[in-house]
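The exercises below each set a task and then work through it step by step. Keep the sequence and the structure in view while reading.

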Amino acid sequence: MQRYEIKFDITQENINKIIKDMNLTKIYPNRIVNSTYFDTNNFKFFSLSEEGVTPRIKVRTRCYNDKNLMNLEIKKTNNYHREKIIIKNFNFSFINFYKQLKKNGISETLSKKLVIRYKREYYKHYNIGRVTIDTDIQFSFPQSEDNTLVRVDKKVMEIKIQKDYLDKSEIEKIVQLRECRFSKYCLGINKLYR
């Protein structure tokens, strides 16, 4: 099965109306997502993502609700689908980190570049699958001395589907919105480093 992620900018939309109109069912409690993104010194992963070049990768650690349990996640974007590798309960040390990167075909030297924090709501659509809504998006530098924090007024809905073939126009008809390209990582780098 291939993994597809379709994103919709719902910043100007009424979230409660979307939930009602799409007949979404809540499947998990809301969580606060904390992600730390890694990149090369010259921001190679950012540049590839910003340009929409495939194949490309993102490397991050993620934890939920300020818990200490951390996952290491490697997202690989190919021409028409994505693959996500998750190493659960990852005990972070740079030795473990580079061992996992090497195991997954990544040889670059990486460092922490960005921390992203946001609220995520989890739903299911009877015909499409899993739907998430992200709000209250905040960016900061890793281990920032001055606690630099940038908030953005963006709301994003993401539909995550695993199937062999996907007609995105069918999804757009159900959602009644147009798909958009959106990367929290790219937005955060542009906000903090430029």
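**Exercise 1. Locate Asn89 and state what is unusual about its backbone.**

Solution. Step 1: In this predicted model, Asn89 is found in the loop between strand E5 (82-87) and H3. Step 2: Its phi is positive, about 50°, although Asn89 is not a glycine. Step 3: Set this against the general pattern: most residues other than glycine have a negative phi, and most peptide bonds are trans.

**Exercise 2. Find the cis peptide bond that involves Pro55, and place Pro55 in the chain.**

Solution. Step 1: The cis bond joins Thr54 and Pro55. Step 2: Its omega is about -5°. Step 3: Pro55 belongs to the loop between H2 and E3.

**Exercise 3. Describe how helices H2 and H5 are arranged, and list the residues in contact.**

Solution. Step 1: Two packed helices are described by the angle between their axes and the distance between the axes. Step 2: H2 covers residues 44-51 and H5 covers residues 184-193; their axes come within 10 Å and cross at roughly 115°. Step 3: Angles of 65 to 115 degrees count as roughly perpendicular, so H2 is roughly perpendicular to H5. Step 4: The crossing of H2 and H5 is left-handed. Step 5: H2 contributes Phe46, Ser49 and Glu50 to the contact, while H5 contributes Tyr185, Cys186, Ile189 and Asn190. Step 6: Sorted by type, the residues of this contact are 4 nonpolar, 2 polar and 1 charged.

**Exercise 4. Which strands pair with E2, and in which direction do they run?**

Solution. Step 1: Strand E2 (residues 25-39) is joined to strand E6 (residues 111-125) by 12 bridges, and the two run antiparallel. Step 2: As an example from this pair, Thr36 has Val115 in E6 as its bridge partner. Step 3: E2 is also joined to strand E3 (residues 56-64), here by 6 bridges, and this pair runs antiparallel. Step 4: On that side, the bridge partner of Val33 is Tyr64 in E3.

**Exercise 5. Which parts of the chain does the salt bridge between Lys44 and Glu108 tie together?**

Solution. Step 1: A search of the whole structure gives 15 salt bridges. Step 2: In one of them, the side chains of Lys44 and Glu108 meet at 2.5 Å, N to O. Step 3: Lys44 lies in helix H2, whereas Glu108 lies in the loop between helix H3 (94-103) and E6, so the pair ties together parts that are 64 residues apart in sequence.

Conventions:
Residues numbered from 1 in each chain as written. Predicted model: local features only at pLDDT ≥ 70, side-chain atom pairs only at ≥ 80, totals over all residues. Heavy atoms only, no water. Axes fitted to C-alpha atoms, helices over the stretch in contact; angles between N-to-C directions. Helix = DSSP H or I, 4+ residues; strand = E, 2+ residues; numbered from the N terminus. Parallel < 35°, antiparallel > 145°, perpendicular 65-115°, else oblique. Left-handed = near helix turned anticlockwise from the far one by under 90°. Contact = heavy atoms within 4.5 Å. Nonpolar A, V, L, I, M, F, W, Y, C, P; charged D, E, K, R; others polar. Pairing = 2+ DSSP bridges. Salt bridge = Lys/Arg side-chain N within 4 Å of Asp/Glu carboxyl O.
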